[in-house]
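Please look through the structure below at your own pace, and then follow the explanation that comes after it. The account begins with one helix and works outward from there.

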Amino acid sequence: MKEYTQADFDAFEVIDGIKQCPSGDYSDIQIFGERCSFGERCSFGKECSFGEECSFGKWCSFGEDCSFGEECSFGEECSFGEWCSFGKWCSFGEECSFEGKGEYIGDYPFLAFVGFGSRIGSKVYFFNLQDGIYVRCGCWLSNIAGFRERVKEKNADAMYLDLCDLVERKFNRKNSK
């Protein structure tokens, strides 16, 4: 995978106001401007900073399996597409939108749990959104009620149901949509 420097990034072509960024390793770059377009399997290092009003999946696009390192910060009015994963200490500005499901509410945009499921290190994300609590678990995305049904259908670890209860209490919601 090609590693890009800040000089490489600064020299990338801009088409219709969108910086075109090929697939590669961007871990040496600390600051990304607005309206960037990244290819599949891009990797971003620790303490990356993305400008305000970046829209990941709308104005900016990231391919499948992109990952963001620890301590990344995202500006206001960001939105994220499918398959995005976030490291520890990531922070999200106001009016962020997750996978087209709306803006987050409350003090916590999401909660993440690691180590559940059939794969070591797998993650479960619970998003606290205007339209309800949504769950991303591997390829699965649904509201929390749909996730509960899926857990029961698949005879999955009952700990997932305990997580749902915990998250509802933390987000101060009972029996979310």
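In helix H2, which covers residues 144-153, the buried residues are Ile144, Gly146, Phe147, Arg148 and Val151. Here buried means under 20% relative accessible area, while exposed means over 50% and partly exposed lies in between, with a 1.4 Å probe and protein chains only. Helices (H or I, at least four residues) and strands (E, at least two) are DSSP runs, numbered from the N terminus. The model is a predicted one, in which local features need pLDDT of at least 70 and side-chain atom pairs count only at pLDDT 80 or more, whereas totals for chains, interfaces and linings use all residues. Residues are numbered from 1 along each chain as its sequence is written, and side-chain values use heavy atoms, with hydrogens and water left out.

The buried residues of H2 pack against strand S14 (123-129), strand S15 (132-137), strand S16 (140-143) and helix H3 (159-170), where a contact means heavy atoms within 4.5 Å. Just after H2, asparagine 155 takes a positive phi of about 50 degrees.

The strands that H2 packs against belong to an open sheet of four strands, in the order S13-S14-S15-S16 and with antiparallel pairing. The edge strands of this sheet are S13 and S16, each of which pairs on one side only. Neighbouring strands of the sheet are turned by 15 degrees against each other on average, direction ignored. Two strands count as paired if DSSP finds at least two bridges between them, and axes are lines fitted to C-alpha atoms, for helices over the stretch in contact, with angles from 0 to 180 degrees between N-to-C directions. Strands of a sheet pair through backbone hydrogen bonds, either parallel or antiparallel.

Following the chain through the sheet, one meets phenylalanine 110 in strand S13, which covers residues 110-114. Phenylalanine 110 counts as buried because its relative accessibility is 15%. Phenylalanine 110 and phenylalanine 126 are 16 residues apart in sequence, yet 5.3 Å apart in space from C-alpha to C-alpha. S14 and S15 run antiparallel and are joined by six bridges, with a hairpin of two residues leading from S14 to S15. Within this pairing, tyrosine 125 has arginine 136 of S15 as its bridge partner, and asparagine 128 has isoleucine 133 of S15. S15 is mostly covered, since six of its six residues are buried.

S15 in turn pairs with S16 in the antiparallel sense over four bridges, and arginine 136 has leucine 141 of S16 as its bridge partner. These two strands, S15 and S16, also form a hairpin with two residues between them, and glycine 138 in the turn has a positive phi of about 60 degrees.

How do the helices lie on the strands? H2 lies across S14, S15 and S16, and runs at about 125 degrees to S16. H3 packs on the sheet and touches S13, S14 and S15, its direction making about 155 degrees with that of S13.

The largest nonpolar core has 17 residues, and those with the most contacts inside it are Phe113, Val124, Phe126, Val135, Phe147, Tyr160 and Val167. S13, S14, S15, H2 and H3 each supply at least two residues of this core, and the largest share, five residues, comes from H3. A second, separate core of seven residues includes Tyr4, Phe9, Cys21 and Ile29. A nonpolar core is a set of buried Ala, Val, Leu, Ile, Met, Phe, Trp, Tyr and Cys residues joined through side-chain atoms within 4.5 Å.

H2 and H3 are also linked by charged side chains. A salt bridge is a side-chain nitrogen of Lys or Arg within 4 Å of a carboxyl oxygen of Asp or Glu, and by this rule the count comes to two. In one of them, the side chains of aspartate 165 and arginine 148 meet at 3.0 Å, N to O, a pair that links distant parts of the chain, with aspartate 165 in helix H3, arginine 148 in helix H2 and their positions 17 residues apart. Arginine 148 is buried, with a relative accessible area of 18%, whereas aspartate 165 is partly exposed at 28%. Arginine 148 also forms a salt bridge with glutamate 168, the closest N and O atoms being 2.9 Å apart. Glutamate 168 counts as buried because its relative accessibility is 3%. Arg148, Asp165 and Glu168 are thus linked in a network of salt bridges.
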